[in-house]
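Here are my notes for your first reading of this model. Please keep the structure open beside them and look up each residue as it comes.

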Amino acid sequence: MNVKQNISHFKILLGQGVDLLLLRVQILGLDLTEQAGSLLRILAAIMFIGALFSLSIISLLFGLDHVLSDTAKIWVFFGISGGCLLVIVGLTAWIINTWNNKNAQVAATLNDLRQDIAYLRGKAENYRRENNE
């Protein structure tokens, strides 16, 4: 190739590389925005867990306080406490699952960005070998 073709080829690669990197950065921005929204929902769930935990403990104490009295009161208080504890377990599992999914999505986008940079540098084969892809 002559110098003019090399310059033309370089301009094409530079333009495509910049477009690709900008696209990846936009995708990363969307992923981070989505993760921030998930964080707000997670914090709301944690606050709800705290309220339910308080309610379940109070219900449990009322239930224990009345353990020797009317049996209907006991079942209501223990039922409220048990229901709240089940909701706490479910919300905790949801929080962990949501956080792990969002972290994996951001990590995948960053990995794709690293791979794109390796392709642009012409080191794609080295990158694949290093990361066992």
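1. At the start of helix α1, a side-chain oxygen of Asn 2 comes to within 3.2 Å of the backbone nitrogen of Lys 4. Please bear in mind, here and in the points that follow, that this is a predicted model.

2. Helix α1 covers residues 3-65, and its length can be checked with simple arithmetic: at 1.5 Å a residue, its 63 residues should span 93 Å, and because the end C-alpha atoms lie 90 Å apart, the two values agree.

3. Is Ser 56, which belongs to helix α1, buried or exposed? Its relative accessible area is 2%, and because the cut-off for a buried residue is under 20%, Ser 56 counts as buried. Leaving aside neighbours within four places in sequence, Ser 56 is in contact with Ser 81, Cys 84 and Leu 85.

4. Asn 103 is found in helix α2, which takes in residues 71-121, and with a relative accessible area of 32% Asn 103 is partly exposed. Although Asn 103 and Leu 32 are 71 residues apart in sequence, their C-alpha atoms are 9.2 Å apart in space.

5. Taken as a whole, the chain has three helices and zero strands, and reading along the sequence gives the pattern α-α-α. Of the contacts between residues at least 6 apart in sequence, 68% join residues at least 24 apart.

6. On the surface, the chain exposes about 9500 Å², of which carbon and sulfur atoms supply 69%, while buried residues make up 21% of the 133 residues in the chain.

How values were computed. Residues are numbered from 1 along each chain as its sequence is written. This is a predicted model: local features need pLDDT of at least 70, side-chain atom pairs count only at pLDDT 80 or more; totals for chains, interfaces and linings use all residues. Side-chain values use heavy atoms; hydrogens and water are left out. Helices (H or I, at least four residues) and strands (E, at least two) are DSSP runs, numbered from the N terminus. Buried means under 20% relative accessible area, exposed over 50%, partly exposed in between (1.4 Å probe, protein chains only). Contact means heavy atoms within 4.5 Å. The expected span of a helix is 1.5 Å times one less than its number of residues. A polar contact is a pair of N or O atoms within 3.5 Å; within protein, one must be able to donate a hydrogen and the other to accept it, and residues adjacent in sequence count only if both atoms are side-chain atoms. Accessible areas come from the Shrake-Rupley method with a 1.4 Å probe; for residues, only the protein chains shown count as cover.
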